[in-house]
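Here is a friendly walk through one protein and its ligand. Take a look at the fold first, and then we can go through it piece by piece.

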Amino acid sequence: MNEVLRIAVQKSGRLSEDSLNLFKECGIKFDNGAGKLKATSSNFPAEFLFLRDDDIPGYVEDGVADIGIVGQNVHVETSKHVNEVKLLGFSKCRLSIAIPRSETYGGVKELEGKSIATSYPVILGNFLKENGVTAHIHEISGSVEIAPSIGLAHAVCDIVSSGGTLLSNGLKEVEVIFRSEAIMIGYPNLSPEKQNILNQILFRIDSVQRAKN
Ligand code: PRT
Ligand code: ZN
């Protein structure tokens, strides 16, 4: 049987370049020209699917893709049944709660009864529950940082990297609730043939990483 490992990577965004480089550095050749949604490697039994990151855990859970690369934030938020194959060390960021800069903050209890805008209702909900705080989670899909200034919510919970976006929206980070980096996730029931292909990739990744250190 000529099995091919189907690999889901983000089509265009903050994970894309490092995800593609990971496989290219392993010597796996493929053409990811603009607008392509699928590519087959010319020298390795692998096929690439270029998708939105939010869709990748579902594809891997269903076995439409065999492995995929996403941020741990997306992996945990989507709560799909997939294997955590390997942490990859890139696209590091944190998920934080932020409030208007002019306000004081004396701890998590101050969020009681407040409304918090976020695209991460699951991770935020877990954090609030663990801390015994009841707050209203206002789920929005983008431009979260604008919410306090337009009166949509008291606070926000969003991804932070440099902190520049919070700053330019008059917000300050008060709680880091989750730290994230890119993770390779995998379908839990790979055939032995596909597992063998994945093992070859993991072996090559380790070799590349060892050579760098
Ligand atoms: O189109 P698609 O759905 O595939 O992409 P996307 O827009 O959902 O995701 P994308 O490409 O923005 O991010 C992909 C992954 O990169 C995220 O899931 C995180 O794991 C990781 N990552 C790393 C980040 C950031 N850094 C980041 N800075 N994701 C988002 N941001 C955003 C954040 O939402 C905020 O708006 O950047 C802004 C903050 O950045 P700073 O530097 O100003 O703090
Ligand atoms: Zn996305």
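## Starting in the sheet

T118 stands opposite C157 in β9. T118 also has a partner in β8, where its bridge leads to E139. C157, for its part, is the bridge partner of I97. Please keep in mind while following these pairs that this is a predicted model.

These residues are a good way into the sheet. It is an open one of five strands with mixed pairing, and the strands come in the order β8-β7-β9-β6-β10. Which strands stand at the edges? They are β8 (136-139) and β10 (171-180); each has a single partner strand, so one side of each is left without a neighbour in the sheet. From one strand to the next, the twist averages 25°. In a regular strand, side chains alternate between the two faces of the sheet.

Three of the pairings can be set side by side:

| Strand pair | Bridges | Direction |
|---|---|---|
| β7 (115-118) and β8 | four bridges | parallel |
| β7 and β9 | three bridges | parallel |
| β6 (93-100) and β9 | five bridges | antiparallel |

## The whole protein

Stepping back, the protein has six helices and 11 strands. Its C-alpha atoms fill a box of roughly 60 × 35 × 30 Å along the principal axes. Of its 213 residues, 34% count as buried. Contacts reach across the sequence too: among those between residues at least 6 apart, 64% join residues at least 24 apart.

The domain assignment gives two parts, domain 1 (5-91 + 181-212) and domain 2 (93-180). Taken over C-alpha atoms, the centres of domain 1 and domain 2 are separated by 30 Å. Where they meet, the contact takes eight residues from domain 1 and eight residues from domain 2. On the side of domain 1 that touches domain 2, the largest share comes from α3, with four residues. By class, that side of domain 1 divides into one nonpolar, five polar and two charged residues.

## Around the ligand

Where does ligand 1 lie with respect to domain 1 and domain 2? Both domains give residues to the shell around ligand 1, so it lies between them. In total, 21 residues surround ligand 1, and the closest are G13, G71, S161, S162 and T165. The elements that give two or more residues to this shell are α3 (72-78), β9 (155-160) and α5 (164-168). Among the contributors, β9 gives the most, with three residues. Strand β9 therefore turns up twice in this tour: it sits between β7 and β6 in the sheet order, and it also supplies residues to the shell around ligand 1. Helix α3 has two roles as well, since it contributes to the ligand shell and to the side of domain 1 that touches domain 2.

What is the make-up of the shell around ligand 1 by class? It has five nonpolar, 11 polar and five charged residues.

## A residue in a loop

Finally, have a look at R52, in the loop between β3 (46-51) and α2 (56-62). Is R52 buried or exposed? R52 has 11 other C-beta atoms within 10 Å, and 12 or fewer counts as exposed, so R52 is exposed. From R52 to V160 there are 108 residues in sequence, and the C-alpha to C-alpha distance between the two is 20 Å.

Definitions and conventions: Residues are numbered from 1 along each chain as its sequence is written. Chains are lettered from A and ligands numbered from 1 in the order in which they are written. This is a predicted model: local features need pLDDT of at least 70, side-chain atom pairs count only at pLDDT 80 or more; totals for chains, interfaces and linings use all residues. A residue is near a molecule or strand if its C-beta atom, placed from the backbone, lies within 6 Å of it. Ala, Val, Leu, Ile, Met, Phe, Trp, Tyr, Cys and Pro count as nonpolar, Asp, Glu, Lys and Arg as charged, and the others, Gly among them, as polar. Domain bounds come from an automatic or database domain assignment. A residue is buried if 20 or more other C-beta atoms lie within 10 Å of its own, exposed if 12 or fewer, and partly exposed in between; C-beta atoms are placed from the backbone. Two residues are in contact if their C-beta atoms, placed from the backbone, lie within 7 Å. Two strands pair if DSSP finds at least two bridges between them. Axes are lines fitted to C-alpha atoms, for helices over the stretch in contact, and angles run from 0 to 180 degrees between N-to-C directions.
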